[in-house]
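Biologist: I am new to this structure and would like to know how its labels are justified. Could we go through some of them in turn?

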Amino acid sequence: MKLRGNTLVIGLQWGDEAKGKITDILSEQADVVVRFLGGSNAGHTVVTGGQTFKLHLIPSGIIHPNVLCVIAGGVVLDPEIFELELNDLVAGHIKFDGRLKISQTAHVVFPYHKLEDQLKENSLGDGKIGTTARGIGPCYTDKATRTQAIRVCDLFHLEQLDAKVRDIVNYKNRLFLALYNSPGVNADEMVRKAHRYGEILRPFVCDTTELLQDAMAADKRLVFEGAQGTLLDVDHGTFPYVTSSNASACGVSAGSGVPAKAIRTFLGVAKAYTTRVGTGPCPTEQINAAGDRIRERGHEYGTTTGRPRRCGWFDAFATRYSVRLGGIDKVALMLLDVLSGFDKLLICTGYRYRGQMLRSFPTDGEVMKEVEPVYEEHPGWAEEIDQVKSFDQLPANAQSYVRRLEQLIEAPVAIVSVGPDRAQTLMREETI
Ligand code: IMP
C-alpha cells in the first residue's frame, strides 16, 4: 500500500471507529504522524507483534521506529497521562528518543480541570453529556476564556508560573465551593505539579508548526491522526452532545498549523455499524438482542472509560453528512467481521421528523432528539470472515453490503477491516 501524499485520517461517526489501526498501517509509509485535537479523552488501540498498546495522547505512529510523532497545538495535554504512556512504551521496548515532539502552544490539563468536569457532570442530572471526565471541556473553556489558561510554554517561565497557578486555583476553588460545595484543589500541590509537568515535557517541546512546515518543505510524508469523530465536532456535530473541539476534518488546519491544501487525501474511517458512548441522540441504536450481539462481538467497551458503547445499525444518512462535510476522498470500513451471523442487516437511509423525510442531517439538537430512522434491509451472511484475505473472497452478501454503503455515503470504500490485526485488512486500492 502506498500513500499518494499527506493524508488525514478522520472518524466519520461518534468516535471509536478504530482509527488507530488505520493510522498504524499508514504510518509504515509516513515520515511524520500528527495528533492535532482533543486530549486523553481519545483512546487508540494498536496491536502489533502480539503486543497491545492503548494510547490516549501519543500518536500511534510511535510504534514505528522511524516515524516522527507530533502532538500539535490543538491538543489539550495531560502531562500525567503522557508520562504513563511514556512508561508503557519503555516497558514495551519502544524507543522514542528524538522522535516525539510537543507543541509549546498546546494547553495543559490540570487536576482542577478533571475535578470541574466531574462536578459539572454530576450536577447535571438528566442533562449530562456523559463526558470522559478527563477535563477536556474545562481545559478548552479556559483556552477560550484565555485569562485562566496555562500552555506548555508557560511551564518554563517559573516566576510567572507560580503566581499564575495560584491565581487560577484561587478563582476555581471559590467557584467549586459556591457552585458544588466542593473544597477544590490544593494550591501548593498544583504549583508543585506545574513544575513537575515542565520537567516531564521539557525534552519534547518545540515549535511544532515550524517543524511541520519544514517537514513539508523537505517533501516528508505526513499523516494526521484525527481523534473522536465528525459527529462529535463542537461546531458541526450533534451539539450539545459533542466534545469541545473540532473533531471533523474541519479541525485539521487550526489544530496543526498546516494549511488544509497541503493534505492530499482525506481518508474517513467508519465502522460497518454504529456506536456511541455518552448521552445524546443515536437514532439507529438497538437496545435489544441485535445491539447486544454487536457489542459482544465487537468488544464495544470504551478504551478510555471502559463504558459499554451503545450499538446499532449503520447510519448512512449521518455518515454521508460527515463525508460531505469533510470532503472525504476514500473510506476505511472497519469491523465488518462483527456483522457475520445476522440473517438480515438494516441500513439507515434517512430520518423522518414529524412525518416528513429530512433532506439534510439535522444540526438542531431538538430536531435530532425526535428523528426516526428509516431503514432498508440487506441480507446478511453466516460465515466468519476474519481470515479472508481479499475483498473478492468475502461472501457475496458482505461484498454487496459494502457496495451499497458506498452508494449511500457517496464515497468509495478503499479499505475493509475484518479484525484487529494489521494482517486482517483488505486493501481494495493499492494507493491511498
Ligand atoms: P469529552 O470529550 O470528555 O468532553 O466528552 C464529550 C462527549 O464526547 C461524550 O459523549 C464522550 O463520550 C464523547 N467522546 C469523547 N472522546 C471520545 C472518543 O475518543 N471516542 C468516543 N467518544 C468520545
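Biologist: Why is R422 called partly exposed?

Modeller: The model is a predicted one. In it, R422 has a relative accessible area of 25%. Partly exposed covers what lies between under 20%, the range for buried, and over 50%, the range for exposed, so R422 with its 25% is partly exposed.

Biologist: What makes D24 and R422 a salt bridge?

Modeller: Their closest N and O atoms are 2.8 Å apart. The cut-off is within 4 Å, so the pair at 2.8 Å counts as a salt bridge.

Biologist: Is D24 buried or exposed?

Modeller: D24 has a relative accessible area of 1%. Buried means under 20%, so D24 is buried.

Biologist: Which parts does the pair of D24 and R422 tie together?

Modeller: D24 lies in helix α1, residues 19-27, and R422 in the loop between β19 and β20, so the salt bridge ties together parts that are 398 residues apart in sequence.

Biologist: Where do D292 and R295 lie?

Modeller: Both are in helix α9, three residues apart, which is about one turn of the helix. Their side chains meet in a salt bridge, with 3.0 Å from N to O.

Biologist: Why is R295 called buried, and why is D292 called partly exposed?

Modeller: R295 has a relative accessible area of 14%, and buried means under 20%, so R295 is buried. D292 has 40%, which lies between the limits of 20% and 50%, so D292 is partly exposed.

Biologist: What makes E410 and R320 a salt bridge?

Modeller: The N to O distance is 3.4 Å, and the cut-off is within 4 Å, so the pair counts. The two residues are 90 residues apart, with E410 in the loop between α12 and β19 and R320 in helix α10.

Biologist: How many salt bridges does a search of the whole structure find?

Modeller: The search finds 24.

Biologist: How do you know that β11 and β15 pair?

Modeller: Five bridges join β11, residues 265-271, to β15, residues 330-334. Pairing needs at least two bridges, so these strands pair. They run parallel, and the bridge partner of K271 in β15 is M334.

Biologist: Which sheet holds these strands?

Modeller: β11 and β15 belong to an open sheet of ten strands with mixed pairing. Its edge strands are β9 and β20, each of which pairs on one side only. Helix α1 packs on this sheet, touching strands that include β11 and β15.

Technical notes
Residues numbered from 1 in each chain as written. Predicted model: local features only at pLDDT ≥ 70, side-chain atom pairs only at ≥ 80, totals over all residues. Heavy atoms only, no water. Helix = DSSP H or I, 4+ residues; strand = E, 2+ residues; numbered from the N terminus. Buried < 20%, exposed > 50% of the residue type's maximum accessible area, 1.4 Å probe, protein only. Contact = heavy atoms within 4.5 Å. Axes fitted to C-alpha atoms, helices over the stretch in contact; angles between N-to-C directions.
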